[in-house]
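Thank you all for coming; I would like to walk through one model this morning, taking the metal site before the disulfide. Please keep the sequence and the structure in view while I talk.

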Amino acid sequence: MIRVAVLASMLAFADVSAADPKYAWNLGELYPTEAAWVAAKDAAVADIPKIASCRGKLTTSAATLVGCLETYFDIDRRLTQVNVYASMNYDLDTRVGRAQQMQEQGRQARIALSSASAWMRPEILAAGRDKIQALEAADPRLTPYKQPLLDIVRRAPHTLDAESERLVAETATMSNAGQAIRDVFVNADLPYPKVKLANGEDVTLDAAAYTKYRAAIDREDRLKVFTAFWARYNEFTRTLGTALNAQVQAHEFSRKVRKFDSSLAASLFGDNVPTVVYTQLIADIHANLPTLHRYLSLRQRMMGLDKLGYEDLYAPIVKRYERTFTPEQAKALTLEAVAALGKEYQEILGKGFESGWIDWFPRTGKRSGAYSTIAYGIHPFQLQNFTGLYDEVSTLAHESGHSMHSLLADRAQPYATHDYPIFVAEVASTLNENLLVNAMLQKATTDDERLFLLGSHLDSLRTTLFRQGLFAEFELRIHEMAAQGEPLNGENLTALYLKLVREYYGHDKGICEVKDAYGAEWAYIPHFYYDFYVYQYATSVIASVKLADGIRAEAVAKPPSTAKRDAYLKMLAAGSSRYAYDMLKEAGVDMATSAPFEAAMRDMNRTIDAMESILDKRGAKAPAGGKP
Ligand SMILES: [Zn+2]
């Protein structure tokens, strides 16, 4: 089915030649030839021993510290470019053995730099904050390094003596055992069930097939898929529970030896995010479950179901966009959408679109999906697999948000602080998606089109805010259980998960039925091994809704203003020169308060209102999309 859609939509712009260099990367912008890449890599590697000459005297004078940091970051910048080239080259054709080899060589070079410079952090830490600040005051050339240096010295209370650090480092391979066992088990050993669909098709429900068929239009098919898939997972929750327990115990070990109050505090310390951001998110979600329930009732109404079940959440509620888009149309729509961010933003992006930022089309061997990366001092690069679907226009807006973030930070920051933390990264991308949906809604001419746009916006709020929020809460609770000495096992993990899902989805209120078997869903989610990562999906979207609302409102205010927009662009340009939480707060979004979540809920309720009024107009019982 996907294949047919791709072919049909490719025809939509058959006049576009995939071989046209206008639609492809020119890696020659990084290195003119492969030989030049090899030479650049070798030259950078040859410089690595220079770092050793600073050892033992790094903080003896400001001049020494400046010199050593400049040497280190210069090699780091060159090796980053070496690696960016190697991975982009590999992604263009993953079948080429040489490309794989180059990627491995780039990785090895980076490992060599890491091990040759491993002593630097401890030496800076040992010097202490006062000494480092005195050196900074003595030499303005240290100004670009202030934030990276501060970030090292703030770790002092959680750093151990050299012998203990050595011991902790030795545990690194053991600490990933839980995840390693889980990955091998679900990827190689788990005997995935087979089901026969209504059309007679036999399907083996591995993870990819489950993702595809849980969205089946036929309700009996969805039920069959859910029943078989979770029955199989339920057989193995003992093993998977033991694996997850091992991972959580590893987090507990690390937080205890590093003297953190909780695993949550230990994890969020990395990006200096206050733990209240996390606990506030969970409190906000609980306070706003009625909005999720409103969405679920709307979904039930649109699907024309007597009763909504957890297995009904992935089926489409609206007809797909029949319209397809050419790259030129996708670019124009994205540029129009980002007009709210100002002329300069729009112009830079517009120029980028015409200057080889994007490798547009899918090809045999090319990596799937989409991403944005940057070669510092050159420009951002986006990998796309564009076939003309609306989702891919949205992906272009999303990746363009990352690209512009990279570019603005690249222009404003020295290399040492050009990269941005994950906590803000997805703000820039989802804000552009938000602007695109709103621009598309303004142009929509039919109710079907409006329903599609509103419906996909709602689905994404449901999955990023509430689903990821549920994962975040589950993760918090299992670490709390472990901290209280309660060992985790399949049984109590399933019980906890089922209780949470039922609470979130209003099972007891009769809003959405969650069958007992679905309590095993925790065993399927790889993110619980990532150490408090998923909450950032939710916080990013919440922050971007709040920012986008403010930026749009001030643009139409009388008189119009650009204060919020300017504060936002300033945040993008700040790279990692400040901590993420502080940057967002200065841009007008305090993630330790309820205000951003409330803005997201207003957006969600507005969207539900708009869909309901279209449905009312059509007559209450007319389902617009997938038949029950
Ligand atoms: Zn992204």
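By donors I mean N, O and S atoms within 2.8 Å of the metal (3.2 Å for Na, K and Ca), and since water is not among the atoms, sites may look incomplete. With that in mind, the donor residues of the zinc ion follow the spacing H-x3-H-x23-E in sequence. H398 sits in helix α17 (residues 390-412) and E426 in helix α18 (residues 422-443), so that this pair, 28 residues apart, links distant parts of the chain; helices here are DSSP runs of H or I with at least four residues, strands are runs of E with at least two, and both are numbered from the N terminus.

I should say early that this is a predicted model, in which local features need pLDDT of at least 70 and side-chain atom pairs count only at pLDDT 80 or more, while totals for chains, interfaces and linings use all residues. Residues are numbered from 1 along each chain as its sequence is written, and side-chain values use heavy atoms, with hydrogens and water left out.

The zinc ion takes its protein donors from H398 (NE2), H402 (NE2) and, twice, E426 (OE), at 2.1 to 2.5 Å. H398 is buried at 14% relative accessible area, whereas E426 is partly exposed at 25%; buried means under 20%, exposed over 50%, and partly exposed in between, with a 1.4 Å probe and protein chains only.

Turning to the disulfide (a pair of cysteine sulfur atoms within 2.5 Å), the structure holds one, and it joins C54 to C68 with 2.0 Å from S to S. C54 lies in the loop between α2 (34-47) and α3 (62-92) and C68 in helix α3, so the bond ties together parts 14 residues apart in sequence.
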